[in-house]
Amino acid sequence: MLALNSRTTKTAFDVASSDAALHRFLHGLPGVDKVGAEQRTAALSTRSIKTTAKAYAIDLAIRMVDLTTLEGADTPGKVKALCAKGRHPDPADPTCPSVAAICVYPSMVPTAAAALKGSGIHLASVATAFPSGQAPMAVKLYDTSAAVDAGADEIDMVINRGAFLAGRYLEVYEEIVAIKEACRSAHLKVILETGELVTYDNVRRASWLAMIAGADFIKTSTGKVTPAATLPVTLIMLEAVRDYVAETSRKVGVKPAGGIRTTKDAIKYLVMVNETVGEGWLDPDWFRFGASTLLNDLLMQRTKLATGHYAGPDYFTLD
Amino acid sequence: MPSKARVAVRKTYKLFIGGAFPRSESGRTFEVDGNNVALASRKDARDAVLAARAAFGKWAGATAYNRGQILYRAAEMLESRRGEFPAEEVDDAVDRLVWYAGWSDKIAQVYGSANPVAGPYFNISSPEPTGVVAIIAPSSFLGFVSVLAPAIVTGNTCVVVTPAAVDAITFAEVLATSDLPGGVVNILTGSVAEVAPWLASHDDVNGLDLTGVDNAELALTLEQSAAGTLKRIIRRSSPKWTDDPGIGRMTAFLETKTVWHPKGV
Amino acid sequence: MFTYAPAPESRSIVNIKPSYGLFINGSFVDGGSAFKTINPANEEVLAEVAEATKEDVDRAVKAARAAFKTWSKLPGKERAKYLFRIARIIQERSRELAVLESLDNGKPIKESRDVDVPLVAAHFFYYAGWADKLNHAGFGANPRPLGVAGQIIPWNFPLLMLAWKIAPALACGNTVVLKPAETTPLSALLFAEICQQADLPPGVVNIVTGAGATGAALVDHPDVDKVAFTGSTDVGRHIAKAVAGTKKKVTLELGGKAANIIFEDAPIDQAVEGIVNGIFFNQGHVCCAGSRLLVQESIYDTLLESLKRRMGTLRVGDPLDKNTDIGAINSQDQLKRIKALAKIGSEEGAEAWSPPCELPRNGFWFRPTIFTGVSQAHRIAREEIFGPVLSVLTFRTPAEAIEKANNTPYGLSAGIWTEKGSRILDMADKLRAGVVWANTFNKFDPASPFGGYKESGYGREGGRHGLEAYLAV
């Protein structure tokens, strides 16, 4: 499918030689039938995950959370508290795993880096004029490298949706390539903002565009646009990473973000991962949840499983 | 003294198969009103089914408008040759052809449907012709036209068996001058008891109209035989041919095809 | 490993009696001998059921005839209310019906719960609405019912086939004698209780249980005006022969060997779902199953790889487990037939493949299987297997796909997968099949007519068309 001519991802693809070439390639991907895709996710959502399977899924989901605060009102105090929560989500239970990462605005990276030191928890920073992406390229590049310099080891960038929808694929591609370079060793998550791409065909094309440009992760949403993550959109992205690794041997992670609030929702995602891409992605290195309120529901359900009775919100910290 | 009396040129009544007028391969004839007419055989039936099958795709695929035009043309031809047909039946027969001609592009609207299914699907049902239909025609001319026209107007092709050879073959001449593609109508004159069983048991015949079978016993055997390939059946009956025929003779040889497609962006 | 723990649906919601009589004239009556119905997933006996004799069938037909006099004269709007009532009770008792269906049939609870039973209720709702609108159905003014309908249904969708038969018959003013399949009588008997609960007048619905002889007695009964049958083409032929020379109206819903045609420009991921759903839904016990996969050669390798990967996620096992995708084969006999044809497939040189999966020790099971290297000449490409077995063939051009798809005496259904609209419409025109699913498969709806061309039978069930089978038109 791809004209692969070298092992490096940056300049590897003839398909990225021009807008026209990218257009030919991306529009040559198999189409997505909306109704069929939505039915598939609806069918997977009927899986009944009980007892031991549920316990496994809850702990896995906790380990996959990118615990996020992206508010204008964020302060060092708020971020420090969040980091503490990420380290020990349930202070009463030492068997409770910590989250995958803390996700903050670039200005909060130094605070978070200090708070997470030695925890093994990743530090993700949104960058590139998040969430709109509407800034000059130089600003986006500086935004990125500043976050990396301050200690972020994961960068969540947004793509230029306007350029994508206008068919200026090369512009989108080159921007991702440049940001990837600015990330140096930090992992790059590319946010497609699927709510603005609207069609599943676009989601599939944007996924491939981000992957061939070097994304380590593809992520659904900023959380600032409705709809954010949905099961069908995530299904399309999972299919994309599955097909991409088969084609190129390079594995890419997936991160649904925004709107995932309950354990029930999270388990539906995990079932979908399990039955679409399999065991290989059931790991925080390859699948993340961008979420904030989800964590407490996971903790309540975890406690319910352990104690046998329903838990109440007062017993879990609000950070 | 030289006679002024002119010796008439007589017509030879042969079969009508694939648009041509062949003799029976068996070489046999029988006499009707002083004419020797071809006596169809089992092999003529076989040839007629082959011709009908060969004509089916194109006739079924023709536009409904085109089929209607051709039936209307047949009505014109019949009108112009009305003197050659039974005087008491020919007017009704012309009108019947006109009536069915008009149905060609309406039956799908009346007998089809858009189906409001409970889901994001486009869903539509439309009638399609059954295929090759064998017809045992009633002996009256109006009856003959009244069983033939509804079978073909919807796109079926047919093999008609009748002992009333003179009217049938004269009508074949009407059809042959109406732009009806060869093979759409094939007419076998002769013995129903001899030929019909071969059509009833034929694996490449999809429908069987027993309307004109006189003998109840024979009708029963033919229907039983037709069960072998689950042919669509019209049972024997003797309707009053001047009555409003309704759409039942058309729908008996129509299949309903339902097509689903998802709706999504 | 993310292993799903067992998630069994509770069977305590359904109360199966040790034995059941025949439902004639509004009450359960004793029959002569009895037979056992078992759970095909573990061979446990579920109940004993009466075997209706010729005399029992005669009693049932007489009851139906007597009831016809008043039922057919009841205003349509009143008949409608009974059908609406039945539809509502089915909704209220849906879990119970689903569990019972899965126990007696072996189908996964997720299907009986999410497909069969909801469609049953919907079917009664749909035809209830027709009962007082028959004047507007396009069959002329004041169309008359036929009389007593003898209805024989198969074991693959016991309750759904019952609904397809009874709902339109009653809406049109007929009364019925219905014979469920001998391996799956229980949901029909529970339906009889629902008729009682709905205060349906006695004799309007009669249920006679039994095997082939009971069915034959019903078809041959001289006072039956209408025969409706769903089942094998062989039995269909016998019925067509048996009613020859009578005035009985017949509709037949018979076998199939549907082609599911995948073009290179198909939405591949959905096509794979469609293939899986097409052949493994209900263990492939589906007359319209997409049992012949026609793949365009240019995408054969990738498609087969995707299909196999997807088949690897199918969960075979306990029908009552909510996560089961493929349940039990309905009977020992059916399992034997599937095994015999699969063996022939291998002997004829086709290559069988199944994902690794453990099968329960008791009960009747068959792994989801695909045969590759199949040609049109193979018996597994021509004969209906009626099990989870897919024959894979290839084609190069649309014309070749049509030729192969139509090269069968059957004509029930077909599938087309391509993103090109004009190709879909052209293919749909040329396929000789009663239902054409484009970019989807195995979709059913009460408003959508269903039925076959050629040896797949005649008549349509569902929609306005479905009324014709039960009216004197």
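**Exercise 1. Locate Ala129(A) and describe its backbone and burial.**

Step 1. Ala129(A) sits in the loop between S3 and H6 of chain A. Helices (H or I, at least four residues) and strands (E, at least two) are DSSP runs, numbered from the N terminus.

Step 2. Its phi is near 60°, a positive value in a residue other than glycine. Most residues other than glycine have a negative phi, and most peptide bonds are trans.

Step 3. The relative accessible area of Ala129(A) is 19%, so the residue is buried. Buried means under 20% relative accessible area, exposed over 50%, and partly exposed in between (1.4 Å probe, protein chains only).

A note on the source: this is a predicted model, in which local features need pLDDT of at least 70 and side-chain atom pairs count only at pLDDT 80 or more, while totals for chains, interfaces and linings use all residues. Residues are numbered from 1 along each chain as its sequence is written, chains are lettered from A and ligands numbered from 1 in the order in which they are written, and side-chain values use heavy atoms, with hydrogens and water left out.

**Exercise 2. Place Pro131(A) and Pro227(A), and describe the peptide bond before each.**

Step 1. Pro131(A) belongs to the loop between strand S3 (122–126) and helix H6 (137–149) of chain A. The bond joining Phe130(A) to Pro131(A) is cis, with omega about 0°.

Step 2. Pro227(A) is in the loop between strand S6 (217–219) and H11 of chain A. A cis bond links Thr226(A) to Pro227(A), and omega is near -5°.

**Exercise 3. At what angle do H10(A) and H11(A) cross, and which residues make the contact?**

Step 1. Take helix H10 (residues 200–212) and helix H11 (residues 231–248) of chain A. Their axes come within 9 Å and cross at roughly 40°. Axes are lines fitted to C-alpha atoms, for helices over the stretch in contact, and angles run from 0 to 180 degrees between N-to-C directions.

Step 2. That angle makes H10(A) oblique to H11(A). Under 35 degrees counts as roughly parallel, over 145 as roughly antiparallel, 65 to 115 as roughly perpendicular, and the rest as oblique.

Step 3. H10(A) contributes residues including Val203(A), Trp208(A) and Met211(A). H11(A) contributes residues including Ile236(A), Ala240(A) and Tyr244(A). Contact means heavy atoms within 4.5 Å.

Step 4. Sort the contact by class: 12 nonpolar, 1 polar and 4 charged residues. Ala, Val, Leu, Ile, Met, Phe, Trp, Tyr, Cys and Pro count as nonpolar, Asp, Glu, Lys and Arg as charged, and the others, Gly among them, as polar.

**Exercise 4. Describe the packing of H3(C) and H5(C).**

Step 1. Helix H3 (residues 94–105) and helix H5 (residues 158–171) of chain C pack at an angle of about 115°, with axes 9 Å apart. This makes H3(C) roughly perpendicular to H5(C).

Step 2. Leu97(C), Glu101(C) and Asn105(C) of H3(C) meet Pro158(C), Leu159(C) and Leu160(C) of H5(C). By class, that contact has 4 nonpolar, 1 polar and 1 charged residues.

**Exercise 5. Map the parallel sheet of chain B.**

Step 1. Read the order of its 5 strands: S7-S6-S5-S8-S9. The sheet is open and the pairing is parallel. Two strands pair if DSSP finds at least two bridges between them.

Step 2. Find the edges. Strand S7 (185–189) and strand S9 (232–234) of chain B each pair on one side only.

Step 3. Check one pair. Strand S8 (residues 207–209) of chain B joins S9(B) in the parallel sense over 3 bridges. Gly207(B) stands opposite Arg232(B) in S9(B).

Step 4. Add the helix. Helix H5 (residues 141–153) of chain B packs on the sheet, and its direction makes about 165° with that of S6(B).

**Exercise 6. Is Phe56(B) buried or exposed, and what does Phe56(B) contact?**

Step 1. Phe56(B) lies in helix H1 (residues 42–61) of chain B. Its relative accessibility is 9%, so Phe56(B) counts as buried.

Step 2. Leave aside neighbours within four places in sequence. The contacts of Phe56(B) then include Pro129(B), Thr157(B) and Arg432(C).

Step 3. Compare sequence with space. Phe56(B) and Thr157(B) are 101 residues apart in sequence and 5.7 Å apart in space, C-alpha to C-alpha.
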